[in-house]
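Q: I've got a new structure open and I'd like to learn how to read it. Can you walk me through it, one feature at a time?

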Amino acid sequence: MPEDPPDRRDDAGPLLVPVGESVTLRQTVAYAVREALAGAGEIHFVAPVAWHDIGDVGADVREETEALLERVAVWADEDADDALDVETAIVGADEYLFGPDDYARVLAAYADDHGIDRVVVDPEYSPGGNVPILQPMEASLEEAGLTVEEAPVGRATRRERLLRRGGALQFVTLFGISYLFYHLLSGFTLTNFDLVTGVATATLVATMLHRITFSDRVRLPSLARQLLRLGIYTPYLLYEIVKSNLLVSYAILHPELPIEPRMTEVECALWGAMPVTTLANSITLTPGTLTVRVRGRGMKIHTLLPAAREGLFDGALERGVRFVFYGRRALAIATPRERGDCRILDEEGDGE
């Protein structure tokens with residue numbers, strides 16, 4: 001479909017956006033949010049369930065789908081600064097969806113129930129796996145009387161360029177982070193030598209890496225909100241560090257040395273390199289826990305004390321990092337324990 005769709009500003013109704021895992025999902029959400037803000041200020045993200053037993057949706061499928069919808073809702077609220085009415089729903093959970101007509105039918109039924117006549121589709125949307133159902137599904141939706149538009153987003157290539165288009169904001173942001181980290185390592189002695197070498201080091205890092213450090217272009221309003229929330233999170237992190245220091249000191253000084261070292265695995269509810277890195281470093285900074293390995297959203301963490309392990313599974317630091325990057329709505333996401341995304345490993349690395 002053409003990248004420059006005809007003018008639709010007189011169509012002020014809500015938007016329907018079917019979502020599924022894809023490389024352009026984040027861009028599609030951002031585009032749909034802009035369109036919804038220009039219209040009725042209401043957007044519905046729905047996720048048809050692709051694979052499940054006839055008549056019922058398996059618990060794992062439902063949990064994965066709900067997690068996807070939570071992620072999309074967090075993105076939408078962040079992009080709209082909470083100025084948008086966001087609804088999410090799982091559709092097609094009571095039947096087996098096989099072909100494009102099945103997907104179109106459940107989407108059209110949802111649209112009819114909620115008074116929606118416009119659909120924005122991710123160009124890489126493929127709920128059935130690798131089956132090419134997008135164009136037939138769009139045709140079926142149009143036959144049902146819906147206006148269908150593919151989000152005009154860039155599609156990922158097989159080989160993505162390492163260097164991205166940089167900018168002054170990316171440079172200044174990385175310079176500031178590097179400069180503060182340099183003085184953190186030096187203990188904030190702030191001598192003339194440290195000030196000069198800090199500037200030189202931060203300039204070198206920012207010059208070489210500002211075009212590859214950030215996966216997305218830095219936006220000033222979003223960055224300002226995240227820095228404000230980071231200022232709220234930092235005292236909490238310091239509190240956790242002090243509390244953990246006291247617990248570890250007590251265990252070391254106790255005659256019976258009540259420690260229980262264990263390797264654990266946690267799948268965090270964070271999306272993107274920067275949030276995951278922030279959580280991994282926060283865990284490592286807290287005495288009693290050490291992030292050993294990170295793969296995607298999965299972390300392998302060494303815990304020294306039962307209390308540290310319980311705190312990790314309760315997701316206190318994870319919730320704090322979600323707040324920093326996604327805002328208050330993200331605090332409502334279940335803990336790793338409630339999601340079943342944590343486990344203790346034995347010496348061979350298998351779950352106990």
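A: Sure, and let's begin with a single side chain: Glu 310 counts as partly exposed, at 38% relative accessibility. Keep in mind that this is a predicted model. Glu 310 has a charged partner, since Arg 337 forms a salt bridge with Glu 310, with 2.8 Å between the closest N and O atoms.

Q: Is Arg 337 buried, partly exposed or exposed?
A: Arg 337 counts as partly exposed, with a relative accessibility of 37%.

Q: What does the pair of Arg 337 and Glu 310 tie together?
A: Look at where each residue sits. Arg 337 is in helix 11 (residues 336-339) and Glu 310 is in helix 9 (residues 306-314), so the salt bridge ties together parts that are 27 residues apart in sequence.

Q: How should I read a salt bridge inside one helix?
A: Start with the geometry: an α-helix has 3.6 residues a turn, so residues three or four places apart point the same way. Now the case here: Glu 240 and Lys 243 both belong to helix 7 (residues 220-253) and are 3 residues apart, about one turn of the helix. They form a salt bridge, with the closest N and O atoms 3.5 Å apart.

Q: How buried or exposed are Glu 240 and Lys 243?
A: The cut-off for buried is under 20% relative accessible area. Glu 240 is buried, at 11%, while Lys 243 is partly exposed, at 34%. You can read another pair in the same manner: Asp 341 and Arg 339 meet in a salt bridge at 2.8 Å, N to O. Asp 341 is partly exposed at 24%, and Arg 339 is buried at 17%.

Q: How many salt bridges are there, and which residues are linked in a network?
A: The count comes to 17 salt bridges. Glu 78, Asp 81, Arg 225 and Arg 229 are linked in a network of them.

Q: Let's turn to the inside. How do I read a nonpolar core?
A: The general idea is that in soluble globular proteins, nonpolar side chains tend to be buried together. Here the largest nonpolar core has 49 residues, and Val 19, Val 29, Ile 43, Phe 45, Val 72, Leu 279 and Met 299 are those with the most contacts inside it. Helix 2 (residues 59-80) supplies the largest share of this core, 8 residues. There is also a second, separate core of 20 residues, which includes Tyr 110, Ile 116, Val 121 and Leu 134.

Q: Which residues does Phe 45 touch, leaving aside its neighbours within four places in sequence?
A: Among its contacts are Val 17, Val 19, Val 29, Leu 69, Val 72 and Ala 76. Glu 87 and Thr 88 are also in contact with Phe 45.

Q: What can I read from helix 1?
A: Try its length, then its burial. Helix 1 (residues 25-38) has 14 residues and reaches 20 Å from its first C-alpha to its last, close to the 20 Å expected at 1.5 Å a residue. Its buried residues include Leu 25, Val 29, Ala 32, Val 33 and Ala 36.

Q: And how do I read a sheet?
A: Look for the strand order, the pairing and the edges. An open sheet of 4 strands here has the order 7-8-6-9, with antiparallel pairing. Strand 7 (289-295) and strand 9 (342-345) each have a single partner strand, so one side of each is left without a neighbour in the sheet. From one strand to the next, the twist averages 25 degrees.

Q: How many bridges join strand 6 and strand 8?
A: Strand 6 (residues 262-267) and strand 8 (residues 298-303) pair in the antiparallel sense over 6 bridges. For example, Glu 267 has Gly 298 in strand 8 as its bridge partner.

Q: Which helix lies across these strands?
A: Helix 9 lies across strand 6, strand 7, strand 8 and strand 9, and runs at about 10 degrees to strand 6.

Q: Could we finish with one residue of the sheet?
A: Take Thr 289, which is found in strand 7. Thr 289 is buried, with a relative accessible area of 11%. Leaving aside its neighbours within four places in sequence, Thr 289 has contacts that include Ile 301, His 302, Thr 303 and Ala 308.

Note on methods:
Residues numbered from 1 in each chain as written. Predicted model: local features only at pLDDT ≥ 70, side-chain atom pairs only at ≥ 80, totals over all residues. Heavy atoms only, no water. Core = buried A, V, L, I, M, F, W, Y, C linked by side-chain atoms within 4.5 Å. Buried < 20%, exposed > 50% of the residue type's maximum accessible area, 1.4 Å probe, protein only. Helix = DSSP H or I, 4+ residues; strand = E, 2+ residues; numbered from the N terminus. Contact = heavy atoms within 4.5 Å. Salt bridge = Lys/Arg side-chain N within 4 Å of Asp/Glu carboxyl O. Pairing = 2+ DSSP bridges. Axes fitted to C-alpha atoms, helices over the stretch in contact; angles between N-to-C directions. Expected span 1.5 Å × (residues − 1).
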